[in-house]
Amino acid sequence: MSWKTGKTLAAALAMGGIAFTGAADAQLKTIKTQTNISPAERKQGNEAHPQLLQEFGGAYAGPQASYVNRIGQNIAVQSGLSRSPSDFTVTLLNSPVNNAFAIPGGYVYVTRQLMALMNDEAELAGVLGHEVGHVAAQHSKKRQSAATRNQILGVLGAVLGGAIGDNGGLLGGLGGLLQNNSMRVAQLATLGFSRSQELQADQLGVQYLRSAGYDPLALSTMLTSLANQTTLDARLAGGDARSLPEWASTHPDPASRVRNAEALASRVGGSGGNRNADAFLASIDGVLYGDDPAQGVVEGRDFLHPDLRLRFTVPNGYGMQNGSDAVLVSGNGGQAQFSTGPYSGDMNAYIAAAFKAVAGNASISPGAIQRTTVNGIPASYSTARVNTQSGQVDVTVFAYEFSRSSAFHFITLTQAGGGGVFNSMFNSVRRLSTAEAAAIKPRRIDVVTVGRGDTVATLARRMAYSNYQAERFQVLNRLTASSRLTPGQKVKIVVYASR
């Protein structure tokens, strides 16, 4: 499953509705699970693993990686898929997205961002156990075989291909991606599960926690943090805007799933068991938080990339999600992706290639390419109007020549005639100066010891943000404004790090 927190067009197209259930449904049921990892699954997992690493920023380098692998292997063997911990590869991903998932073949993943939201080892084990539960119950095999990548380019292709009645859309545009078995495994890993599948994975995760000696309530406390993060993300994005889908965003009532997980824990033996908070906090100390400047950073409505020396600003009410090779923009008025491609000085060919990547084998007819200059940067753009099942849409490619060998572009999708919503974004692209690029610093987690006189308010003021400092601190540590801290207690804050 994806531990996701936002909703966009991508979510609607790529994910089924995820419905949580109240505590009354939290009955322990017999779940049929597989008892081994087949050679075919191992082969698929081995082939899909490199693609998933690429998709999620690569493996995170640092002492946290070995810690996550050890905890993940211990919880994974509780599933019965294998008795050997070495049969499981558990990877900490260098991604600023709150996400975790697993694929057949013994591969389990969690992002450093989601790990930073946790407060003890049992919560880490609970998340990883939930994901292994999906694999053990063979949920991925029961989902639709047609999958789309969890990024807007794939969504655009799916929309256009379906609208024109040509199966080529996404498949053609991404080179027959779905016909590659290993890639299909990677794609399915990040799609949503059904309501019943999520509940089954919750039950298995809770059972794995108990059998591994952890507090089975850890899954419910982690879900509480995620629910709180969901609320905060909505506020940060402007209320109704969402960034790219992250965790269980299609669900209307995360609190009911928390209650469900609590009830499941009581049915396997209630509270008690290890939480190992000290070991976890020692491991998480120093981990990168938020965007990696090597992949660019999101600061409010601005995207800045120190190495590429560029920046742009999204419209009010729009959210951004920074990926390893694209920035995804979403809001009520449309969707967009900012990325790059091979460029040899021919802007006409560059724009044609961008449209081709969207349409695949489908036939669309872009208008004449227009030329302009944006903040001193040569720019070109074109729009294609396409008939879809829900009406006409406009697909626009707006490209910028940064040098004779370097170009970047937006691809946007709006209702017909609605492309103007992105005009301010198109016109905001500019170069970063050397000083501006050097001023961009990463953030990291700093585990601090509460001193005499420290409060939630005083520690929150140390957070490396200009807004919502208190709310960010509270969510990060699963606290409220009225929580009382004890001298000697350890908490997490986010600080700037040297590059």
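Colleague: At roughly what angle do the axes of H3 and helix H5 (residues 121-136) cross?
Modeller: In this predicted model, the axes of H3 and H5 come within 9 Å. The angle at which they cross is roughly 55 degrees.

Colleague: Are H3 and H5 parallel or oblique to each other?
Modeller: Their axes cross at roughly 55 degrees. Roughly parallel would need an angle under 35 degrees, and roughly perpendicular would need 65 to 115. The angle falls in neither range, so H3 and H5 are oblique.

Colleague: Is the crossing of H3 and H5 left-handed or right-handed?
Modeller: Take the same two axes, which come within 9 Å. The crossing of H3 and H5 is right-handed.

Colleague: Now for H11 and H18. Are they roughly parallel or roughly antiparallel to each other?
Modeller: Helix H11 covers residues 218-236 and helix H18 covers residues 469-477. Their axes come within 9 Å and cross at roughly 160 degrees. Angles over 145 count as roughly antiparallel. H11 and H18 are therefore roughly antiparallel.

Colleague: Does H11 pass H18 in a left-handed or a right-handed crossing?
Modeller: The two axes cross at roughly 160 degrees. The crossing in which H11 passes H18 is left-handed.

Colleague: What span is expected for helix H2 at 1.5 Å a residue?
Modeller: H2 runs over residues 39-55 and has 17 residues. The expected span is 1.5 Å times one less than that number of residues. From first C-alpha to last, H2 reaches 25 Å, close to the expected 24 Å.

Colleague: Where in H2 does the kink lie?
Modeller: The kink is about 30 degrees. It comes shortly before proline 50. Among the buried residues of H2 are Gly45, His49 and the residue at the kink. That residue is alanine 48.

Colleague: Which residue just after H2 takes a positive phi?
Modeller: H2 covers residues 39-55. Just after H2, a phi of about 80 degrees appears, and the residue is glycine 57.

Colleague: How many residues apart in sequence are glutamate 41 and glycine 105?
Modeller: Glutamate 41 sits in helix H2. With a relative accessible area of 5%, glutamate 41 is buried, because the cut-off is under 20%. In space, C-alpha to C-alpha, glutamate 41 and glycine 105 are 4.6 Å apart, yet in sequence the gap is 64 residues.

Colleague: What is the distance between the side chains of serine 82 and aspartate 87?
Modeller: Serine 82 belongs to the loop between helix H3 (63-76) and strand E1 (89-93). Serine 82 is buried, at 10% relative accessible area. A polar contact joins its side chain to that of aspartate 87, at 2.5 Å.

Colleague: Is asparagine 276 buried or partly exposed?
Modeller: Asparagine 276 lies in the loop between helix H12 (254-267) and helix H13 (277-284). Its phi is positive, about 50 degrees, although it is not a glycine. Most residues other than glycine have a negative phi. At 32% relative accessibility, asparagine 276 counts as partly exposed.

Colleague: Which strands flank the loop that holds asparagine 375?
Modeller: Asparagine 375 has a positive phi, near 50 degrees, and is a residue other than glycine. Its loop lies between strand E11 (370-374) and strand E12 (377-388).

Colleague: Is glycine 300 buried or exposed?
Modeller: Glycine 300 lies in the loop between strand E5 (297-299) and strand E6 (302-305). Its C-alpha is separated by 8.8 Å from that of methionine 320, 20 residues apart along the chain. The relative accessibility of glycine 300 is 65%, and the cut-off is over 50%, so glycine 300 counts as exposed.

Colleague: How far apart in space are histidine 305 and proline 293, C-alpha to C-alpha?
Modeller: Histidine 305 lies in strand E6. At 8% relative accessibility, histidine 305 counts as buried. Histidine 305 and proline 293 are 12 residues apart in sequence, and their distance in space is 6.7 Å.

Colleague: With which residue does the side chain of glutamine 337 make a polar contact?
Modeller: Glutamine 337 is part of strand E10 (residues 334-340). Glutamine 337 is buried, at 4% relative accessible area. The contact runs from side chain to side chain over 3.4 Å, and the partner is serine 339.

Colleague: Which residue has its backbone nitrogen 2.8 Å from a polar atom of the side chain of threonine 458?
Modeller: Threonine 458 is found in helix H17 (residues 456-460). At 26% relative accessibility, threonine 458 counts as partly exposed. The backbone nitrogen 2.8 Å from its side chain belongs to threonine 455.

Definitions and conventions
Residues are numbered from 1 along each chain as its sequence is written. This is a predicted model: local features need pLDDT of at least 70, side-chain atom pairs count only at pLDDT 80 or more; totals for chains, interfaces and linings use all residues. Side-chain values use heavy atoms; hydrogens and water are left out. Helices (H or I, at least four residues) and strands (E, at least two) are DSSP runs, numbered from the N terminus. Buried means under 20% relative accessible area, exposed over 50%, partly exposed in between (1.4 Å probe, protein chains only). A polar contact is a pair of N or O atoms within 3.5 Å; within protein, one must be able to donate a hydrogen and the other to accept it, and residues adjacent in sequence count only if both atoms are side-chain atoms. The bend at a residue is the angle between axes fitted to the seven residues ending there and the seven starting there. Axes are lines fitted to C-alpha atoms, for helices over the stretch in contact, and angles run from 0 to 180 degrees between N-to-C directions. A crossing is left-handed if the near helix is turned anticlockwise from the far one by less than a right angle, and right-handed if clockwise.
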